[in-house]
Amino acid sequence: MSTATNTTKMTKDIKTNTNTNTEVIKIDQLSKDNIIITEPKQNPKTNNNMAAILNAITKKPLLIEFASTSVIYGINDYQGNKKFSITIKNLTNMIDSKESVGKLFDTCGELNEMCIQYILDNKKTILKPKEASKLTRDLAESPAFFGPCMTKDNRDEDQIKLNIMTDYDSDKPNLFVVVEKTADDGKGNMTTTKENLNWDDYEDPWKKLKEVIKPGMHIQGVIQPRIYFVNSKVGINFKLHALKVSKSTKNVNDTEAVNLDIEQVGFSDPKKKDDRWN
């Protein structure tokens with residue numbers, strides 16, 4: 001399937017594990033103009049503020065496909081409380097993906113800036129009168145009022161946390177995962193097999209997920225930026241909807257992405273690394 005064909009299909013509604021038909025935008029095609037944050041409103045059930053980050057064109061939840069990116073720490077379970085996540089950095093071994101991966105981190109920087117401005121523009125709605133009257137740009141950027149979607153690690157390097165949600169009914173990962181394995185048949189020919197993980201097949205689905213995603217691997221996925229409100233704090237985080245992991249017998253950390261089926265999870269075919277895939 002040609003790249004042009006995949007790009008065309010990318011503009012169509014596809015079904016993700018959100019159970020809704022929502023268009024996925026490739027990170028290369030995303031611009032700040034594609035992103036809107038709705039006005040804050042009070043949730044009548046909780047009395048807390050709520051809002052949404054939407055695709056400016058469709059007015060539906062913004063879903064972003066990111067390119068093949070390095071996994072740094074594998075699956076993280078924060079303090080053992082079953083809040084699972086994956087952390088990525090601006091790193092990839094896929095030469096043709098470097099620009100796309102960089103674009104993801106640039107976009108996160110723009111989202112952070114949008115959120116800070118959002119706090120300033122809506123301070124009278126989301127803050128108490130005394131807090132709103134004293135709010136400055138510096139205060140709006142502080143951890144007391146703002147939770148960034150891209151942070152710095154202890155080496156001052158940018159990192160992004162992708163949250164893996166738990167299915168409320170089953171306590172299983174609410175995540176669609178495709179695992180592709182590429183192997184040499186001994187005659188110089190590369191063969192690829194694909195498996196869609198069914199969490200019902202595993203006694204401990206979270207253990208299986210940790211076994212599939214190891215530090216140093218590359219992943220490709222679909223994420224959704226979400227805005228949240230906690231007391232006086234406003235932040236943005238990412239929900240991971242779908243994930244593609246590829247494994248190769250060439251190297252335990254060599255995880256090239258090949259022949260991804262866009263109809264299933266809304267990914268476009270990853271760019272080819274060298275002439276072997278022609």
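Student: Is tryptophan 206 buried or exposed in this structure?

Tutor: In this predicted model, tryptophan 206 has a relative accessibility of 8% and therefore counts as buried, the cut-off for that term being under 20%. Phenylalanine 84 is likewise buried, with a relative accessible area of 4%.

Student: How many aromatic pairs does a search of the whole structure find, and how is a pair of aromatic rings described?

Tutor: The general idea is that a pair of aromatic rings is described by the distance of the centres and the angle of the planes. In this case, a search of the whole structure yields two aromatic pairs. In one of them, the ring centres of phenylalanine 84 and tryptophan 206 lie 3.9 Å apart and the planes meet at 10 degrees, so this pair is stacked.

Student: Which parts of the chain does the pair link?

Tutor: The pair joins distant parts of the chain, since phenylalanine 84 belongs to strand β9 whereas tryptophan 206 belongs to helix α6 (residues 205-212), with the two positions 122 residues apart in numbering.

Student: Turning to the largest pocket, how much space lies in it, and which residues are the closest to its centre?

Tutor: The largest pocket holds about 620 Å³ of space. Its lining comprises 25 residues, of which Ser85, Lys161, Asn163, Tyr228 and Asn237 are the closest to the centre.

Student: Which strands supply the lining, and what is its chemical make-up?

Tutor: At least two lining residues come from each of β9 (84-89), β11 (150-152), β12 (158-164), β15 (218-230) and β16 (233-248), and β12 gives the largest share, five residues. By class, the lining divides into 11 nonpolar, nine polar and five charged residues.

Definitions and conventions:
Residues numbered from 1 in each chain as written. Predicted model: local features only at pLDDT ≥ 70, side-chain atom pairs only at ≥ 80, totals over all residues. Heavy atoms only, no water. 1 Å grid on protein atoms, 1.4 Å probe; cavity = no way out; pocket = protein on both sides within 12 Å on 5 of 7 lines; lining within 4 Å. Points joined across faces, edges and corners; volume = space filled by probe spheres on them. Helix = DSSP H or I, 4+ residues; strand = E, 2+ residues; numbered from the N terminus. Nonpolar A, V, L, I, M, F, W, Y, C, P; charged D, E, K, R; others polar. Phe/Tyr/Trp six-rings, centres within 6.5 Å; stacked < 30°, edge-to-face > 60°. Buried < 20%, exposed > 50% of the residue type's maximum accessible area, 1.4 Å probe, protein only.
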